[in-house]
Structures are given as C-alpha cells and as structure tokens.
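Here's a quick walk through a few spots in this protein. Have the structure open while you read.

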Amino acid sequence: MKTYLQRMGRSLQLPVAVLPAAALLEGIGHWLPQNWGLAQFLQVGGSAILGQLALLFAVGLSLGMSKAKDGAAAMAGVVAYIVPTYVLAPKQVALLLGIKVSAVNPAFNAIAGNVFIGIIAGLIAAALFDRFHETKLPMALSFFSGKRLVPILATLVMLLVSVVLLFVWPVLYDALISFGKFIVNLGWIGAGLFGFFNRLLIPTGLHQALNQVFEFNIAGINDIGNFWANKGTKGITGMYLAGYFPVMMFGLPAGALAIYKNALPEKKKVTAGLMLAGAFASFFTGVTEPLEFSFMFVAWPLYVIHAIFTGLSMAFAAFMHWTAGFTFSAGLVDYILSFHMPIANKPYMLLVQGLVMAVIYYFGFDFAIKKFNLMTPGREKTTDDAPVEEVATSDSDDKYMVMAKKVYAGIGGHDNIKVIDNCTTRLRLQLDDTGNANKSQIMDAGVSGVNVLDKTNIQIIVGTEVQFVADDLKKLFDQNAKVEAVDSKPAKPAQTTSDGDVKSGQVDTFYSVANGQVEDIEEVSDPTFAQKMLGDGYAVIPSDGKIVAPVDGTIESIFPTKHALGIKTDSGLEVLVHMGIDTVQLKGEPFDIKVEAGQQVKHGDQLAQVDLDKITQANKKTDMMVIITNMPNVAYLKYRVLDQKTELNQIVLKATTK
C-alpha cells in the first residue's frame with residue numbers, strides 16, 4: 001500500500017506541473033492595470049486551468065498509474081471522470097430519486113470539479129487499462145478489443161461507482177467537511193499542524209494525500225484554487241501556503257550553511273557543492289528534496305527539528321495573517337508571481353519572517369548537529385573511510401574464492417553473517433549489523449557496487465558470475481573460516497581493461513527483447529540497474545509474455561530460477577537478459593525457457609514465454625532488462641529514440657567494441 005501511495009504521489013506531479021502556467025497567467029494579469037483588456041484575458045486563461053483541476057488529476061493519475069503510460073489510459077480517465085460528474089449532478093440526482101432539485105443534498109453540488117472524484121476516476125481508469133488493454137473480443141466485436149475496450153469498461157464501472165456514491169457521497173462529503181472545519185477552526189494552530197505533518201510525511205510520499213485536503217477542494221478549503229482565483233477572505237485564503245515561503249527561501253538555505261560549517265575540513269569542498277546546489281533549488285524554485293534527503297535519513301533528528309520549524313513558520317504566518325500563494329512550490333518564482341495578487345496580504349512581511357527563520361534554522365541546526373553529534377553530510381564516518389587490508393589467499397584459490405574471501409572479510413566474517421543468498425547478478429546478504437561492514441574492503445574484491453539497504457540487509461553487485469562467488473562464500477561460512485589480513489593497501493578500482501576475447505571494431509545490433517514500451521535503463525526502479533552497476537543497456541515494459549533474443553549470439557548461461565540468462569555475441573560482448581525485478585524470489589514459476597545453454601540464437605528467436613500476470617500478482621515489476629555486462633569493452637553505444645512503443649523487430653541500440 002505504501003508503494004502504491006508513493007506512485008500516486010509521483011503521478012500527481014504531472015497535473016500539478018500544469019499549475020505554474022495558471023500562476024503565470026494570473027500573476028501577470030494582476031500585475032497589469034485592471035482596466036486593460038489583456039489583463040482580464042490573462043486572468044480568465046488562468047482560471048480556465050484552475051477550474052479543471054479535477055479533470056487534470058483524473059488524466060494525470062490514469063496516465064501515471066498505468067504501466068504502459070499510454071494515451072488510451074488518459075482517455076479512459078477522462079471518460080471515468082465525466083460519468084459521475086454528469087450522473088450525480090443535482091438535476092440528475094433529483095430525477096433518479098424522484099425529488100425536486102431544491103431537495104437534493106447540497107453535497108452533490110460539490111461533485112463536479114471535486115479533486116477527490118478526479119482521483120477516483122484516474123485510479124480506476126489506470127487499473128482497468130492495465131487489466132484489459134490487451135483483451136481480445138469475439139470476431140463480431142473485435143473492433144472494440146484492446147485499448148478501445150477500456151473507455152467502455154470505464155463507463156460501466158463508473159456507473160456502478162456513481163450508484164454507490166449516490167448514497168455514500170453525502171456521508172463522505174460531510175465527514176471531509178467536518179475534518180476541514182475542525183482544522184480551520186483551529187486557525188493558526190491548524191496551519192502549524194498541517195505544516196508539521198506535511199514535512200514528516202515527505203519520506204513516505206504520503207504528504208500528497210494530506211495536501212489534497214488543504215490545498216485543493218476535497219474538503220472545501222481549496223487554498224491554491226481560491227488564492228489564484230482571488231476568492232475568499234484576505235488574510236485567510238493562502239494561510240496553508242504562506243508559511244512555506246520563509247522556510248524554503250530562507251530557512252532551509254540557512255540550515256544548509258550550518259551543515260556546511262560543521263562538515264569535516266577534508267570534506268568541506270564536496271559538502272559545499274551539495275549544499276549550494278540544494279540551497280539554490282530551495283530558494284529559487286521551492287524544490288526542497290535535494291536538501292531534505294541529504295540529511296533526512298543520516299540525521300533524522302535534524303529532520304524532525306526541520307518539521308517543527310516548518311510548523312512554527314506556518315503557524316506564525318497564519319497568526320499574523322500574512323499570505324501569499326504558490327502553485328508549484330514556495331520559491332522565489334511563485335513568490336514574485338503571487339506578490340501582486342489582490343488577495344495576498346502583506347506578502348512583503350514574509351521576507352522579514354524569512355530572515356528570522358534563517359537565524360532560527362542556522363543556530364538550531366548548528367546546535368543540534370554539535371549537541372547530538374549528528375552525521376550530516378560531510379560529518380559521516382562512512383565505511384569508505386575505513387582502511388583496506390590485504391586478505392590472505394593461497395595459490396590454490398581461483399578468482400571466485402579470492403573474491404569471496406575479500407567479501408567475507410569486508411562484511412565482518414562468520415559472526416556477522418546471518419543469510420547468504422544471491423540472484424542473477426548480486427549477493428543478497430543478511431548481516432547482524434551492516435554497520436560492521438567495510439565498504440572499501442568489499443569494493444577491493446573488484447565488485448561493481450555495494451547497496452546497504454538497512455541495518456541488516458546489504459547487496460553486493462558482482463555480475464553474472466555471482467553464483468560462483470556465492471558458493472565459495474557459503475563454503476567459507478560453513479567452515480567458520482578465519483580470513484586474515486597480511487598488510488594494508490589502498491582500495492583498488494574494479495578492472496576496466498578490455499577483454500582479449502573481444503573482437504575490436506565490431507558492431508552488434510540490439511533489437512527489442514519484447515513488444516511493449518522502451519524504457520531508459522536509468523528509469524528502472526532498481527538502483528542496481530538504474531545506476532548501471534552491472535553495465536549499460538535498456539529495458540522494455542512488455543505488453544505480452546513473448547521474450548526473444550535481443551542480439552545474435554550463444555546462450556552462455558541460464559540461471560536456475562529461470563528469470564535470467566546470459567548471451568555472448570560473436571564479437572565477445574556479454575549480455576544479460578533479466579526478466580522482471582526481484583523475480584528470483586518466484587523460483588522460476590512464471591518462466592518457460594525455450595533455449596538451452598550452448599545454443600546459437602538469432603535476434604527474434606524466442607528465449608522464454610513469461611506469465612506476466614504471475615509476476616504482477618506477486619507484486620513484482622515486469623521490466624525486461626538487457627544489459628551489456630562487460631562495458632569496458634564497448635567503445636560506443638548509439639540508441640534510437642526512447643519513450644516509445646517497440647516491437648520485436650525494431651532496433652534499440654548499436655554497440656561498437658573497442
């Protein structure tokens with residue numbers, strides 16, 4: 001559920017990104033003399049966008065939450081929104097219930113344009129698209145198959161939803177209004193509580209749900225819409241927005257200065273670059289994530305202090321009735337646009353408050369960092385700083401045992417190991433305490449990367465030969481081996497020289513591994529692939545289960561759980577085809593492999609038939625990754641344009657060997 005809500009938050013950014021256009025039109029319209037026709041024209045243009053927020057939310061969610069990101073999903077979202085807004089309009093409700101329009105519950109006046117209805121419509125449309133966009137109807141009805149079926153189903157489902165809302169909506173709406181009134185009745189205290197919990201929820205992504213209640217019209221508050229439409233009460237409208245400006249434009253940048261000041265001398269230069277970039281983003285655009293995430297987890301008490309300071313700023317601005325508004329976030333750009341809005345009340349005082357917040361943030365952060373010895377950026381004693389020791393090996397050890405011994409020493413040996421497991425490319429280890437692991441020592445084994453997930457889980461990216469390293473690591477663990485250090489030396493980088501088996505100057509052409517949507521490897525929701533720890537390549541979000549060879553070559557290996565296999569091209573490139581994310585846990589059930597190790601394949605030859613439904617039912621992603629794992633042998637990669645539909649015979653990239 002948490003993951004689903006986080007996806008919702010990301011999807012909502014698409015319609016929210018439209019709002020600055022409305023702010024620009026409204027802001028310029030109010031800057032110009034009001035007797036100018038152009039001023040009125042621009043204001044009406046801005047209102048046109050603000051008046052359709054619910055529809056924009058329906059479209060944004062239907063598109064963002066669907067796996068294929070297809071325009072047909074957005075069309076279904078529009079249909080899904082239209083149905084209840086028409087069926088549950090007061091006139092239609094009166095007809096359905098056999099009563100006069102004047103007797104209809106006032107709650108139905110709030111159906112049209114309500115963001116809550118837009119959210120429901122978007123989520124249902126996305127779910128219907130993912131489930132039915134490939135459905136094939138009988139021949140007589142074949143015109144309505146596939147994507148054309150989804151809007152039809154959206155109509156039918158939303159009719160049923162409308163029946164439910166006919167009876168549930170008045171109760172639900174009254175509850176939302178009661179909650180909104182409760183917070184509103186708290187006045188400036190309510191604004192402070194909103195700001196405090198908004199910051200606390202950011203790590204989970206659930207702050208977007210909270211924002212909908214106060215910033216849009218779910219509970220009738222609609223602070224953003226009313227501010228830019230110049231509606232409401234001067235000094236009140238915008239009270240859930242204004243207090244952010246002193247924090248984002250002044251407070252957080254001052255906090256960044258305190259973090260820089262407390263960095264270790266040898267890390268000040270790196271910390272300065274990180275803090276300066278984050279401070280500028282916060283001040284100018286109101287984008288605070290680069291700063292907040294830099295200390296959110298490594299120094300969480302400081303983040304709680306930040307949330308408290310935000311609540312104080314929100315409460316004080318509301319108490320003083322100083323108001324300004326934003327559509328995107330509370331940075332300089334939105335502040336300038338909102339400054340001359342008639343409903344803004346003493347917005348210049350927010351600058352004065354900002355200077356005070358800068359002092360509070362700077363000295364508050366500085367005190368907390370020193371008092372509690374918080375490991376903010378530049379102060380952390382990472383495992384990267386730990387010394388690297390030469391691990392004793394013997395002449396009888398092959399390269400896998402040598403690597404296993406170095407990893408074994410790096411993760412703390414037998415007493416720190418709980419579980420040794422692996423997937424196609426990485427060791428998946430459970431330790432008693434990942435804090436006892438020496439990342440530098442692990443990297444000395446020549447691995448591609450180390451991901452510390454939490455206090456007990458760590459992943460070490462080895463590559464397609466991980467199975468041999470895992471087997472040797474288990475041998476060391478079973479023997480309760482004592483791996484001794486012989487001397488100290490600096491960490492050495494992973495080998496980057498070219499393989500002698502690779503034929504120089506050859507071009508391998510890579511085709512799509514499946515029908516579906518081409519995906520930039522950096523967009524894959526697994527950091528090991530996205531950060532190119534295994535190598536470079538591409539991914540496809542498949543529309544069906546037929547997986548084919550993306551390139552000509554020989555099947556080098558098939559993983560025991562069938563979710564991945566290796567291909568070696570005639571030019572010597574080693575290619576990993578990884579089917580799904582974290583699908584090693586499915587023990588091969590969704591995968592029917594059609595090839596054998598040692599078999600020659602041409603691009604387009606079927607490698608596997610995959611049951612995509614089983615993968616999604618297990619809450620795994622179906623992305624099909626194609627990775628060149630010996631990238632040091634690649635001189636040049638040429639991609640075709642991504643973010644478009646692809647078929648099995650379409651070229652995705654060409655790789656030229658060194």
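Let's start with Thr 583. Setting aside neighbours within four places in sequence, Thr 583 touches His 563, His 578, Phe 591, Ile 615, Lys 620 and Lys 621. Bear in mind that this is a predicted model. Thr 583 sits in the loop that links β13 (574-581) to β14 (591-593). Is Thr 583 buried or exposed? Its relative accessibility is 0%, so Thr 583 counts as buried, since the cut-off for buried is under 20%. The side chain of Thr 583 also has a polar atom 2.7 Å from the backbone oxygen of Met 579.

Now for another loop residue, Gly 446. You'll find Gly 446 between α19 (439-443) and β4 (449-452). With 31% relative accessibility, Gly 446 counts as partly exposed. Its C-alpha atom is 7.3 Å from that of Met 403, and the two residues are 43 residues apart along the chain.

Here are the two loop residues in a table:

| Residue | Loop between | Relative accessibility |
|---|---|---|
| Thr 583 | β13 (574-581) and β14 (591-593) | 0%, buried |
| Gly 446 | α19 (439-443) and β4 (449-452) | 31%, partly exposed |

Finally, a sheet. Three strands make up an open sheet, ordered β7-β20-β18, with antiparallel pairing. At the edges are β7 (507-511) and β18 (634-639), each pairing on one side only. From one strand to the next, the twist averages 20°. How many bridges join β7 to β20? There are 5, and β20 covers residues 651-657. Asp 508, for instance, has Ala 655 in β20 as its bridge partner.

Notes. Residues are numbered from 1 along each chain as its sequence is written. This is a predicted model: local features need pLDDT of at least 70, side-chain atom pairs count only at pLDDT 80 or more; totals for chains, interfaces and linings use all residues. Side-chain values use heavy atoms; hydrogens and water are left out. Two strands pair if DSSP finds at least two bridges between them. Helices (H or I, at least four residues) and strands (E, at least two) are DSSP runs, numbered from the N terminus. Axes are lines fitted to C-alpha atoms, for helices over the stretch in contact, and angles run from 0 to 180 degrees between N-to-C directions. Buried means under 20% relative accessible area, exposed over 50%, partly exposed in between (1.4 Å probe, protein chains only). A polar contact is a pair of N or O atoms within 3.5 Å; within protein, one must be able to donate a hydrogen and the other to accept it, and residues adjacent in sequence count only if both atoms are side-chain atoms. Contact means heavy atoms within 4.5 Å.
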